[in-house]
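Here are some exercises to work through with the structure open beside you. Try each task before reading its solution.

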Amino acid sequence: MKRKIWEMFPALCRAVNSTHNEYAKRLNVQMFHCHDFDHALRVANMAWVIAPDEKTGRLAAVAALCHNDDRLLQVETGVGPFGEVSRELRMKMIDGWLDAEPTGTFSASDRNTIIDAVMNHSKRNDQDGKDSLVLVTLKDADRLVNVEVDCIMRKAQYFGNSLRIVDPVNLLDDPKATFPKPGSAIRSLKLDLVDFQAEGGVASLRLPKAREIGKRRFAFWQLFLQEVVEQRQEMGLVPYPNFD
């Protein structure tokens with residue numbers, strides 16, 4: 001059996017976990033737009049599982065351990081979950097984490113690849129194929145973890161009180177819905193389901209192992225969304241009554 005990522009990079013794991021704990025205590029926030037250390041660890045483990053080769057898996061897993069940097073700094077600087085954080089602040093945090101491992105653990109080339117993946121993991125898939133294999137692996141791993149079953153609750157937590165759970169009128173369908181403004185937490189789940197499953201899309205899974213693992217997760221979400229609609233239909237709430 002493959003070694004666990006926390007066994008391979010124990011000092012890095014401790015450093016990243018310590019930063020999350022320090023920020024939580026100092027800022028009085030346990031979650032950083034739903035990105036705690038457990039999320040980073042899960043994405044790292046997923047990257048290690050789905051990577052097409054060992055070196056890619058190792059670098060993508062390290063990048064995954066570091067990929068909450070922007071979320072921590074978004075909370076600290078107050079820019080919100082869609083706000084930009086300066087590259088300088090991000091580099092300082094990432095470099096500090098990577099330096100936790102013994103000198104020579106990461107070559108200069110490795111560090112550049114890791115940092116590129118961390119900096120660009122939230123962007124859409126590059127349609128010209130310019131994403132490195134490490135970046136592809138990190139993006140797929142992050143998306144897979146974000147469609148695991150507990151993320152149904154995490155999705156609502158991510159948007160907080162600013163977003164209703166269900167839009168009773170439009171339910172899953174609203175042509176104006178976007179990822180930053182889905183209109184409801186349930187619709188946000190549907191958007192992820194569609195985007196991540198699409199072939200050749202801007203947010204689709206690309207690695208064969210990732211697409212295979214995704215099948216079960218997508219099936220569960222599809223069933224969940226179907227039940228949301230059908231249970232409301234049973235109560236006569238589809239279509240929703242007009243009170244205007």
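A residue is called buried under 20% relative accessible area, exposed over 50%, and partly exposed in between. Keep in mind that this is a predicted model.

**Exercise 1. A patch on the surface**

Task: Find which residues make the nonpolar surface patch of about 350 Å², and decide whether Y240 is buried, partly exposed or exposed.

Solution:
- Step 1. The patch is made by V169, Y240 and F243.
- Step 2. Place Y240 along the chain: this residue lies in the segment after α11, a helix that spans 208-234.
- Step 3. Y240 has 33% relative accessibility, so Y240 counts as partly exposed.
- Step 4. While you are in the segment after α11, look at P239, which is also found there. The peptide bond from V238 to P239 is cis, with omega near -5°.

**Exercise 2. A salt bridge between distant parts of the sequence**

Task: Work out which parts of the chain are tied together by the salt bridge between R42 and E148, then state how accessible R42 and E148 are.

Solution:
- Step 1. Start with the distance: the closest N and O atoms of R42 and E148 are 2.6 Å apart. The cut-off for a salt bridge is 4 Å.
- Step 2. R42 belongs to helix α3 (residues 37-50), and E148 to the loop between α8 and α9 (151-159), so this pair ties together parts 106 residues apart in sequence.
- Step 3. R42 is at 23% relative accessibility and therefore counts as partly exposed.
- Step 4. E148 is at 16%, so E148 counts as buried.
- Step 5. Now widen the view. R42 and E148 are linked with D38, D150 and R217 in a network of salt bridges. The structure holds 21 salt bridges.

**Exercise 3. Two further salt bridges**

Task: Give the N to O distance for the pair R164 and D167 and for the pair D173 and K190, and describe where D173 and K190 lie.

Solution:
- Step 1. The side chains of R164 and D167 meet at 3.8 Å, N to O.
- Step 2. With a relative accessible area of 45%, R164 is partly exposed, whereas D167, at 9%, counts as buried.
- Step 3. For D173 and K190, the N to O distance is 2.6 Å.
- Step 4. D173 sits in the loop between α9 and α10 (185-197), and K190 in helix α10, so their salt bridge ties together parts that are 17 residues apart in sequence.
- Step 5. K190 is at 25% relative accessibility, so K190 counts as partly exposed.

**Exercise 4. How helices cross**

Task: Describe how α4 packs against α8, and how α3 packs against α8.

Solution:
- Step 1. Choose what to report: two packed helices are described by the angle between their axes and the distance between the axes.
- Step 2. The axes of α4 (residues 54-66) and α8 (residues 133-145) come within 9 Å and cross at roughly 55°. This angle makes α4 oblique to α8.
- Step 3. The crossing of α4 and α8 is right-handed.
- Step 4. For α3 and α8, the axes are 8 Å apart and the angle is about 120°. That makes α3 oblique to α8.
- Step 5. α3 passes α8 in a right-handed crossing.
- Step 6. Look at a residue within helix α8: L138 lies there. With a relative accessible area of 0%, L138 is buried.
- Step 7. Follow the chain between L138 and E88, which are 50 residues apart along it; their C-alpha atoms are separated by 22 Å.

**Exercise 5. Positive phi outside glycine**

Task: For N28 and L171, state the phi value, then find the loop that holds N28 and the loop that holds L171.

Solution:
- Step 1. N28 has phi near 55°, a positive value in a residue other than glycine.
- Step 2. N28 is found in the loop between α2 (10-27) and α3. Its relative accessible area is 70%, so N28 is exposed.
- Step 3. L171 is not a glycine either, and has a positive phi of about 50°.
- Step 4. L171 lies in the loop between α9 and α10. At a relative accessible area of 11%, L171 is buried.

Methods:
Residues numbered from 1 in each chain as written. Predicted model: local features only at pLDDT ≥ 70, side-chain atom pairs only at ≥ 80, totals over all residues. Heavy atoms only, no water. Patch = residues over 30% accessible without salt bridge, like charges linked within 9 Å, V, L, I, M, F, W, Y side chains within 5 Å. Areas by Shrake-Rupley, 256 points an atom, 1.4 Å probe, with all protein chains shown as cover. Helix = DSSP H or I, 4+ residues; strand = E, 2+ residues; numbered from the N terminus. Buried < 20%, exposed > 50% of the residue type's maximum accessible area, 1.4 Å probe, protein only. Axes fitted to C-alpha atoms, helices over the stretch in contact; angles between N-to-C directions. Parallel < 35°, antiparallel > 145°, perpendicular 65-115°, else oblique. Left-handed = near helix turned anticlockwise from the far one by under 90°.
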